[in-house]
Amino acid sequence: MHHPQAASRKSVAQSAAEILTRLRAQRPRVHCITNTVAQNLTANALLAVGCVPSMTLSMEEVDSFVSGAQALLVNLGTFDRERREAMTIAVEAARSNTLPWVLDPVFVDRVPTRAAFARELIGRRPAVIRLNHAEFSTLAGGKPLCDAVVTYARISQTVVGLSGESDLVSDGEQTVSVANGHPLMARVTAMGCAGSALVAACLSIESDALLATAAALLMINVAGELAAENSAGPGSFAVSIIDALYNLEGPVLIARAKVS
Amino acid sequence: MHHPQAASRKSVAQSAAEILTRLRAQRPRVHCITNTVAQNLTANALLAVGCVPSMTLSMEEVDSFVSGAQALLVNLGTFDRERREAMTIAVEAARSNTLPWVLDPVFVDRVPTRAAFARELIGRRPAVIRLNHAEFSTLAGGKPLCDAVVTYARISQTVVGLSGESDLVSDGEQTVSVANGHPLMARVTAMGCAGSALVAACLSIESDALLATAAALLMINVAGELAAENSAGPGSFAVSIIDALYNLEGPVLIARAKVS
Amino acid sequence: MHHPQAASRKSVAQSAAEILTRLRAQRPRVHCITNTVAQNLTANALLAVGCVPSMTLSMEEVDSFVSGAQALLVNLGTFDRERREAMTIAVEAARSNTLPWVLDPVFVDRVPTRAAFARELIGRRPAVIRLNHAEFSTLAGGKPLCDAVVTYARISQTVVGLSGESDLVSDGEQTVSVANGHPLMARVTAMGCAGSALVAACLSIESDALLATAAALLMINVAGELAAENSAGPGSFAVSIIDALYNLEGPVLIARAKVS
């Protein structure tokens, strides 16, 4: 499903602009099993780029919701018994419908049982794992350097989207770096979770998982830059970034992109 | 409990202005069993018009909370085992206290089991069902045309509040159309859920369910128009609509009302 | 652990300014078991003053999260089976790690079983109980007058932070009154819950629980005053108060403090 040459065929920023246009035209459904802290911002981020989010957990419903969606996000942020069972069912539904799914292994660095569950899920082959440095170190057992990310992506047969000062995206062969963003993104809860939801959104309409991931991270990072210009702090920033995603235009994305 | 002549006795907009004044004076308690995505916006919308929201789910508590409230909202948005059991207990508590309750059958078009549960709840006679076109089609088995809505309201012995470009409210005899609102309302999560909570709020102090429903939908739709004038996108819109509800004045409601 | 002379040793406002500086430098982890309505605002309030919030509920995880944190908040706002069990585990983890914890007994005035559970938790010695007048009356069995608060704090061997027009903080010996704040704080959901989270944050780096509580309430109340100056209603107020917490400076805290 990956096309490792795609990123070199045309610029990532140009692809991101096209993916954004398609998202707004096709309005894909994205089902999210995500933590209760992040649900509202995540739903609004997805709506802002044209998607239709759903977030139910019920065991008897999750299979139908996932089967009727175009992509799935599984985020480990807040855990409880039913959420965990729902995640397993949702992943199975995604697999049997060959739907792309994204894993956001929030806080795996805090509890070994959570890391073990994340590893179990990674064995079921998410299209993308989006995570931060502490989470990567826990799962990959080493420092989140470029080489380690490429190796981990290759071994896991998945795309890794590593957030940091620059975001690093690798499918084990190609690697893209996205140097956009703003420090306020780290001061608002659920910003990473919303980014992972946008990765799922892009995957729903773009089969090249490397491009889809880089495009999503570029979108939210550029929106973050624009939002910071209209913010007095993290409260107004969280509001402005939804406005910025909604108003985001391809040419702005291309002009601002720091992709290498 | 319905007074089918009420809507013709005086204008709906005039009644809405009076209901808003009474809400702010009486500060009714509204218990909401609603989805975790919508809880924050819903609570803030209720607070903005003067109500006191509560949202607990615990089986051993829900009866006491509902019994001490003046109205109940049951919203099916995100489901889980305990939430479902809590809904059943809450509806029984509302019935035994002759408290009005509102059903918002979110996403019944996505899963047959959810539609079946909604039908079971409708059999327990909510005062109002507030839903969108896809949800209506699933429950009523036909297109959401005016005739179908009137028929469904009559058969279900309930008031139906159907959201759309124009909102349609019918008790099976009288029908009111509210043509206010703004497209950004569809781009913010939980806006419909908040509208349903306002219906519950209005029902808590107005026994004419048709009037109460039309009044609530008029309030949130006019607030949406006002908010759109102060918004740069759906992020700031979601903030401004709470401000607009809080600052909403009867004369503005009357001046802007597109009710027929 | 209490130093009853501390509050007289130097002004509470001066201490609050120092505590704020330390929060931002030390970035303590605060684990919160709080209601789903309040989670987002609470996380953003903690991030705004420099803390790292976590909010998981899972029985198998809560012990690890609490053990790795510097303070714990237990908020009874929305209840369900798992949340209740998680609270008990979390409190035990706090005790065995001698971590300070805060109890926010939301809505204990509504259901006797909730009040009973709150009393059980109070028996396990929270460092601070933060609550409003109705909740105090239920737990203390009397009117929330200054004498009653002092007595209740002494008997419960805890610090009581009572919210009202003026906030009252007592450890049973010393009593501090904080008269800052703004009426809009009562019109936004979860504002009290966020205040309690800030109390936990301050406790994580300040062993004098009286000072920590007064400092936290001063911070959120002054932030509320500043936010009100930039707000058009409760929607924009909820956004501005996060900005205000983020931008809060010691000298402003000291200049505005109405502490006695």
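Start by selecting chain A and looking at its contact map: residues 24 or more positions apart account for 74% of the contacts with a separation of 6 or more. Two residues count as in contact if their C-beta atoms, placed from the backbone, lie within 7 Å. This is a predicted model, in which local features need pLDDT of at least 70, side-chain atom pairs count only at pLDDT 80 or more, and totals for chains, interfaces and linings use all residues. To find your way around, note that residues are numbered from 1 along each chain as its sequence is written, while chains are lettered from A and ligands numbered from 1 in the order in which they are written.

**Chain A as a whole**

Keep chain A selected and turn on the cartoon. You should find 12 helices and 8 strands; helices (H or I, at least four residues) and strands (E, at least two) are DSSP runs, numbered from the N terminus. Along the principal axes, the C-alpha atoms of chain A fill a box of roughly 45 × 35 × 35 Å. The radius of gyration of chain A is 16 Å, which agrees with the value near 18 Å for a compact globule of 260 residues. Here the radius of gyration is taken over C-alpha atoms, and the globule rule is 2.2 Å times the number of residues to the power 0.38.

Now colour by burial. Of the 260 residues in chain A, 64% are buried. A residue is buried if 20 or more other C-beta atoms lie within 10 Å of its own, exposed if 12 or fewer, and partly exposed in between, with C-beta atoms placed from the backbone.

Next, colour by pLDDT, the predictor's confidence in each residue, from 0 to 100. Chain A has a mean pLDDT of 93, and 96% of its residues reach 70 or more. Select residues 1–9 of chain A: there the pLDDT is below 50, and the stretch has 17 contacts in the model beyond near neighbours in sequence. Where pLDDT is low, the predicted coordinates should not be read in detail. For the model, the scores are ipTM 0.93 and pTM 0.95.

**Helix α8 of chain A**

Select residues 146–156 of chain A, helix α8, and show the side chains of its buried residues, A:Val149, A:Tyr152 and A:Ala153. These cover an arc of only 100° around the axis, which puts them on the same side of α8(A); the arc is that of the directions from the helix axis to the C-beta atoms. Add α7 (133–140), β6 (159–162) and β7 (167–170) of chain A to see what the buried residues of α8(A) pack against. Then rotate to the face turned away from the buried side, where α8(A) carries the exposed residues A:Asp147 and A:Ile155. Following α8(A) is A:Gln157, whose phi is positive, near 50°.

**Helix α6 of chain A**

Move to residues 112–122 of chain A, helix α6, where A:Arg114, A:Phe117 and A:Ala118 are buried. Look down the axis of α6(A): its buried residues fall within an arc of 100°, so they line one face of the helix. They pack against β4 (101–104) and α7 of chain A together with α4 (59–67) of chain C, so bring chain C into view. The face of α6(A) turned away from its buried side carries the exposed residues A:Pro112, A:Ala116 and A:Glu120.

**Where chain A meets chain B**

Show chains A and B. Their contact takes 26 residues from chain A and 21 residues from chain B. On the chain A side, select α3 (39–48), β2 (52–54), α4 (59–67) and α11 (234–247), the elements that give two or more residues each. The largest share, 7 residues, comes from α11(A). By class, the side of chain A that touches chain B has 11 nonpolar, 11 polar and 4 charged residues. Ala, Val, Leu, Ile, Met, Phe, Trp, Tyr, Cys and Pro count as nonpolar, Asp, Glu, Lys and Arg as charged, and the others, Gly among them, as polar.

**Where chain C meets chain B**

Swap chain A for chain C. Here 21 residues of chain C are in contact with 26 residues of chain B. Select α6 (112–122) and α11 (234–247) of chain C, which each supply at least two residues of the side that touches chain B. The most, 4 residues, come from α11(C). By class, this side of chain C has 8 nonpolar, 8 polar and 5 charged residues. Only 14% of the interface residues of chain C are also interface residues in chain B, so the copies meet through different surfaces.

**The axis**

Finish by superposing chain C on chain B: a turn of 120° and a shift of 0.0 Å along the axis give an RMSD of 0.0 Å. The two copies are thus related as by a three-fold rotation axis. Copies are superposed by least squares on the C-alpha atoms of residues with pLDDT of at least 70 in both. Select C:Thr36, whose C-alpha is the nearest to the axis in chain C, 3.7 Å from it.
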